[in-house]
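Subject: Handing over a structure

Dear colleague,

I am passing a structure on to you, and I would be glad if you could look through it alongside the notes in this email.

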Amino acid sequence: MANTKSAEKRNRQAEKRRASNKAAKSHLKSSLKSARAGAAETKGDAAKDILTVGFSKIDKAAKKGVIKKNTANRYKSRLAKAAKAAAK
């Protein structure tokens, strides 16, 4: 338990951030799952559009600090690889 007013405030702030990050990470995982499924089903320009949306969601999460930059790059690489394999 926090002993000072400032420590109590810090706990409140940390709890808000934790909830926000958890929601953002959950949203990212859901959008990645749908992007992977969409990339596997579609071909051509539609697949490119799905990749673009997926990349955008990943980049936004990295920009907000929900995931690290290298993690974002790894996710994008794997998504592109999956889309390329599905296109064959």
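What follows is a description of the helices, the core, the salt bridges, the charged surface and a few pairs of residues.

Please keep in mind that this is a predicted model, in which local features need pLDDT of at least 70 and side-chain atom pairs count only at pLDDT 80 or more, while totals for chains, interfaces and linings use all residues. Residues are numbered from 1 along each chain as its sequence is written, and side-chain values use heavy atoms, with hydrogens and water left out.

I begin with the core. The largest nonpolar core (a set of buried Ala, Val, Leu, Ile, Met, Phe, Trp, Tyr and Cys residues joined through side-chain atoms within 4.5 Å) has 12 residues, among them Leu-28, Leu-32, Ala-35, Leu-51, Ile-58, Val-66, Leu-79 and Ala-83. At least two residues of this core are supplied by each of helix 1, helix 2 (45–64) and helix 3 (69–87), and the largest share, 4 residues, comes from helix 1. Helices here are DSSP runs (H or I, at least four residues), numbered from the N terminus. In soluble globular proteins, nonpolar side chains tend to be buried together.

For accessibility, buried means under 20% relative accessible area, exposed means over 50%, and partly exposed lies in between, with a 1.4 Å probe and protein chains only. Ala-35, which has its place in helix 1, is buried with a relative accessible area of 6%, and its C-alpha atom lies 9.1 Å from that of Ala-83, although Ala-35 and Ala-83 are 48 residues apart in sequence. Ala-83 is also one end of another pair, since Thr-42 is 41 residues from Ala-83 in sequence and 8.9 Å from Ala-83 in space, C-alpha to C-alpha. Thr-42 sits in the loop between helix 1 and helix 2 and, at 23% relative accessibility, counts as partly exposed. Tyr-75 belongs to helix 3 and is partly exposed at 25% relative accessibility, and between Tyr-75 and Leu-32 there are 8.6 Å in space, C-alpha to C-alpha, and 43 residues in sequence.

Turning to charges, how many salt bridges does the structure hold? There are 2 salt bridges, the term being used for a side-chain nitrogen of Lys or Arg within 4 Å of a carboxyl oxygen of Asp or Glu. One of them joins Glu-15 to Arg-18, with the closest N and O atoms 3.0 Å apart, and because Glu-15 and Arg-18 are 3 residues apart in helix 1, they are separated by about one helical turn. Both ends are partly exposed, Glu-15 with a relative accessible area of 43% and Arg-18 with 47%. Asp-59 forms a salt bridge with Lys-76, where the closest N and O atoms are 2.9 Å apart. Asp-59 lies in helix 2 and Lys-76 in helix 3, so this pair ties together parts that are 17 residues apart in sequence. Asp-59 is partly exposed, at 36% relative accessibility.

On the surface, a positive patch is formed by Lys-9, Arg-10, Arg-12, Lys-16 and Arg-17. Patches are made of residues with over 30% relative accessible area and no salt bridge, like charges being joined within 9 Å and nonpolar side chains (Val, Leu, Ile, Met, Phe, Trp, Tyr) within 5 Å. Lys and Arg count as positive and Asp and Glu as negative, while His and the chain ends are not counted. Arg-10 is found in helix 1 (residues 5–41) and is exposed, with a relative accessible area of 52%.

With best wishes

Terms used
Areas by Shrake-Rupley, 256 points an atom, 1.4 Å probe, with all protein chains shown as cover. Charge placed at Lys NZ, Arg CZ, Asp CG, Glu CD.
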